[in-house]
Amino acid sequence: MSKLNDSKKQYNDIEIPTELKQVVSKSVQTVKREQSKKKPSFKKFGIGVVAAAAIFVASVNMNPALAQSLSVVPILGSIVQVVSIQEITIEEDTYNADLKTPNVTGLTNKELENSLNEKYIAENKELYEGFQKEMEALKEAGGGHLGVASTYEVVTDTDEILSISRYAVNIVGSSSTTMRIDTIDKKNEVLITLPSLFKDDKGYIETISTYIKGEMKKEMAADEMNMYWIAGEEDSFDGFDTIRPDQTFSITSDHKLTISFDKYEVAPGSMGVITFEIPTDVIKEELISDYYIK
């Protein structure tokens, strides 16, 4: 139990911002104004190196394998990258938790960098606290099986784009999986949103949703093992109709847009997390430019 208590104290000591969305939005506007006025000074760059180096040392101390994998990085402060900042592991009889928290380093826009990292800590803190609450409830009820895991993956890392996906799996009898992705413009140091890629707030939603529903039907026709819940279809009372403005998305290394759905969001759990790549020809009339999507 001491390991569990130590983990609890680690999370309870973390301060979580209450208005994270506003902080991210403010940082985006700030960096745009600053970049339009002047380039970063050598002094600012030096501060960035020190901050990144501090995080690097902390991560290496926590994970020797990470130290080996990062030993080939030539100039730490000159690149934007993602490393593990914290890992919480709990193994207690039939209760298991394994939470890995990513940390973005190397952005000169420290307000954006900090807000992203605080969000990742907050996500895992919520998972941890939910796990702990359910575990205690199960114990009081006589026991059971419970598991939670989270990890991350850099799905795109080019000179222009960094996309970081985070997966969370909850296991209580069956399992559920959620995926969230942040996509960052590394040159302009702004967080890219799905609506920001398009001319207006509605046209792209209808265009992309129509394409995805067509692909779902094609896949079901080609293989009876494929199954999707589509609104208006037989035996589908609450099926997929349209994507949301905050739908999980990413931009691939060859500048293609992908749209993702959580497990059980549009299909049975056996289909897992589902991702569709949207052909650029389908959305080119909706795009605000071909800077990110080509």
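In the predicted model, R166 has R180 as its bridge partner in strand β5. This pair belongs to the contact between β4 and β5, residues 174-185. The two strands run antiparallel and are joined by twelve bridges.

On its other side, β4 meets β3. Strand β3 spans residues 146-157 and β4 spans residues 161-172. Their pairing is antiparallel and extends over ten bridges. Within it, A149 stands opposite V169 of β4. Three residues separate β3 from β4, and the two strands form a hairpin.

These strands are part of a wider sheet. It is open, has six strands, and follows the order β1-β2-β3-β4-β5-β6. The pairing is mixed. Strands β1 (81-92) and β6 stand at the edges. Each has a single partner strand, so one side of each is left without a neighbour in the sheet. On average, and with direction ignored, neighbouring strands are turned by 25° against each other.

At the β6 edge, β5 and β6 pair in the antiparallel sense over three bridges. T183 has I192 as its bridge partner in β6. Helix α5, residues 110-140, packs on this sheet. The helix touches β1, β2 (95-105), β3, β4, β5 and β6. The direction of α5 makes about 175° with that of β2.

At the β1 edge, eleven bridges join β1 and β2 in the antiparallel sense. D98 in β2 is the bridge partner of T89. Strand β2 is mostly covered, with eight of its eleven residues buried. β1 and β2 also form a hairpin, with two residues between them.

The next pairing in the sheet, between β2 and β3, is parallel and holds five bridges. L99 finds its bridge partner in S150 of β3. From β2 the chain crosses through α5 to β3. This β-α-β crossover is left-handed.

Backbone angles single out two loop residues. Most residues other than glycine have a negative phi. D93 has a positive phi of about 55° although it is not a glycine. This residue lies in the loop between β1 and β2. D93 counts as exposed because its relative accessibility is 73%, against a cut-off of over 50%. Y264 is also not a glycine, and its phi is positive, near 75°. The loop that holds Y264 runs between β8 and β9. With a relative accessible area of 38%, Y264 is partly exposed.

The nonpolar interior was examined next. In soluble globular proteins, nonpolar side chains tend to be buried together. The largest nonpolar core of the model contains 31 residues. The members touching the most other members are L197, I208, I212, I243, L257 and I259. Several elements each supply at least two residues of this core: β6 (190-192), α6 (203-222), β7 (249-251), β8 (257-261) and β9 (274-278). Helix α6 gives the most, with six residues.

I208 illustrates the packing. Neighbours within four places in sequence aside, I208 is in contact with F198, I243, L257, I259, I278 and I283. Among these partners of I208, I243, L257 and I259 are also listed with the members that touch the most others in the core.

Helix α6 has 20 residues. From its first C-alpha to its last, α6 reaches 29 Å, close to the 28 Å expected at 1.5 Å a residue. Its buried residues are G203, Y204, I205, I208, S209, Y211, I212, E215 and M216. An α-helix has 3.6 residues a turn, so residues three or four places apart point the same way. The buried residues of α6 pack against β8, β9 and α7 (280-283).

Over the whole protein chain, seven helices and nine strands are present. Of its 294 residues, 42% are buried. Among contacts with a separation of 6 or more, 60% link residues 24 or more positions apart.

Key: Residues are numbered from 1 along each chain as its sequence is written. This is a predicted model: local features need pLDDT of at least 70, side-chain atom pairs count only at pLDDT 80 or more; totals for chains, interfaces and linings use all residues. Side-chain values use heavy atoms; hydrogens and water are left out. Two strands pair if DSSP finds at least two bridges between them. Helices (H or I, at least four residues) and strands (E, at least two) are DSSP runs, numbered from the N terminus. A nonpolar core is a set of buried Ala, Val, Leu, Ile, Met, Phe, Trp, Tyr and Cys residues joined through side-chain atoms within 4.5 Å. Buried means under 20% relative accessible area, exposed over 50%, partly exposed in between (1.4 Å probe, protein chains only). Contact means heavy atoms within 4.5 Å. Axes are lines fitted to C-alpha atoms, for helices over the stretch in contact, and angles run from 0 to 180 degrees between N-to-C directions. The expected span of a helix is 1.5 Å times one less than its number of residues. A crossover is right-handed if, with the strands pointing away from the viewer, the path from the first strand over the helix to the second runs clockwise.
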